[in-house]
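The following exchange asks how the labels attached to a protein model are justified. Each reply sets a value against the criterion behind the label.

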Amino acid sequence: MSKSIKYKEAIAARFGTLSKRHKFVLLSLFLFTCAIFIWKPTHSLQSTSSVSNRNEVSLSSENLQTLADQNSEPVGTIFDPNDPEFNAPKDELDEQLAAKDILHSHTVASGETLGAIFNQYALPMSDMYSLLEVNKSAANMRVGVDLEWQQDEDGKLTELKIHRNIKDTDVYAWAGDKYSFTQQQEEGEIKPVFLSGRVTSNFYNSARSAGLTPGQIQTLAKQLQWKFDFGKEARKGDKFAVEVDKEFIDGKAVSSGEVKAVLYENAGREITLVKHTDDHYYDVQGRSLNRALERYPTHQRFRISSPFDPYRKHPITGRISPHNGTDFAAPVGTSVYATGDGVVVRALHHPLAGNYVIIKHGREYMTRYLHLSKILVKKGQKVSMGDKIALSGNTGRSTGPHLHYELIKNGRAVNSMKVPLPQASPVKESERAHFKQQAKLTIDALRDQV
Ligand SMILES: [Zn+2]
């Protein structure tokens, strides 16, 4: 009960923070809506179905805010985010890495609260309250704290790790009816362990036989996603060696360890990955392995007519009807640009989404552009950041010209306006010479293993 009260308070608080202009619009819409419900047509209407149940409907002020979503999809239009038509086709590696194995992570930025982080990643609020019931300290978020979590297929938070500092980690794990809470302290000795192998059937199986965990394989695939596609490019006969830093206590490994460095040989080509002291991965030359993503898909900044809101309520049914993207009030014909390098995986028409484009960026990210008037790319086409891919429009289920833009990270829609986006900076110049020297030694040691 208290949860729903908190939720209502939160909505009331949000209403209170709206600008005067927004409040005015809300009030006008409220009056207008009332007028529609009070008005009884004297002539028979062609389509009476929409007003036939007017006596059963009650509108309360708390769900009014959703009525202000102009130039959006009609509230209640639910794009099933798991609809295969809205997703990049799964390759073999995607199938092998089950949803529950995917590790999500976030580093707390200045001013971020636990609630804001849950909202950004559309994590269930009910899970947050359950965490807080077990231990209130879950709400203590400080800049730089690393969070790691896993979710099941339904999105439920199954494990949350809060790395308070290098030694202490708070672990919340779902135990069926509530979360268990444990504090872990790192005390062991870190030693490098070398794992190596040769691809026989596919990379995943070979890496597993070599002793890598699904999490480590995921780290590899994710870090090298822009350089090498393990799902598509790995070939029989490829060789690999991985240095994993494992923690030992009394000679026994107490952790599966962190990937420190990788050497992968694919048809005479060497692919390298080395972890730096800043916790980021680079190639042996100290170059970033990331490709950056831009925040906005248009050059001009348009008003956001409807923000990302995983908890948006339908004004009439009161049911949660998530808005998985950000709507920009862009006039029809506005140029739309790819926010990052990638491959066009869909360029089609859909009754709800209208003309839409989906771009897959590496393994982790995908972007969707909906309600377009004109599509300028084809399925399978490679695009670079800033390439013009479409003109915005008002096609599909839409209440006015706008561009609906979605960012999907690890298969889940996230707030594209808020989440940290991948950066592509190299090792700091002051540290580069030292890094290159160390990285060369590390990779040479790996070369002895393959
Ligand atoms: Zn939208």
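Two strands pair if DSSP finds at least two bridges between them. The model discussed here is predicted.

Q: What makes strand 1 and strand 2 a pair?
A: Pairing requires at least two bridges. Strand 1 and strand 2 (residues 146-151) are joined over 4 bridges in the antiparallel sense, so the criterion is met. One of the bridge partnerships is that of His104 with Trp149 in strand 2.

Q: Why are strand 1 and strand 5 called edge strands?
A: The open sheet holds 5 strands in the order 1-2-3-4-5, with antiparallel pairing. Strand 1 (104-107) and strand 5 (179-185) each pair on one side only, and they are therefore termed the edge strands, pairing being judged by bridges. Neighbouring strands of this sheet are turned by 15° against each other on average, direction ignored.

Q: Which strands does helix 5 lie across, and at what angle does it run to strand 5?
A: Helix 5 (residues 125-134) lies across strand 3 (157-163), strand 4 (168-174) and strand 5. The helix runs at about 65° to strand 5.

Q: How do you know that strand 15 pairs with strand 18?
A: Strand 15 (residues 342-350) and strand 18 (residues 382-383) run antiparallel and are joined by 2 bridges. The threshold is at least two, so this count qualifies as a pairing. Within it, Gly342 stands opposite Val383 in strand 18.

Q: What joins strand 15 to strand 16?
A: Strand 15 and strand 16 (residues 354-361) pair over 7 bridges in the antiparallel sense, and Leu348 has Tyr356 in strand 16 as its bridge partner. The two strands form a hairpin, with 3 residues between strand 15 and strand 16.

Q: Why does strand 19 count as paired with both strand 14 and strand 17?
A: Strand 14 (residues 335-337) pairs with strand 19 (residues 388-392) over 3 antiparallel bridges. Strand 17 (residues 365-375) is likewise joined to strand 19 by 3 bridges and runs antiparallel to it. Each count satisfies the requirement of at least two bridges, so both are pairings. Val336 stands opposite Ala390 in strand 19, while Leu372 has Ser392 of strand 19 as its bridge partner.

Q: What share of the protein chain is called buried, and what makes a residue so?
A: Buried residues make up 30% of the 450 residues. A residue receives this label because 20 or more other C-beta atoms lie within 10 Å of its own.

Definitions and conventions:
Residues numbered from 1 in each chain as written. Predicted model: local features only at pLDDT ≥ 70, side-chain atom pairs only at ≥ 80, totals over all residues. Axes fitted to C-alpha atoms, helices over the stretch in contact; angles between N-to-C directions. Contact = placed C-beta atoms within 7 Å. Buried ≥ 20, exposed ≤ 12 C-beta atoms within 10 Å, placed from the backbone.
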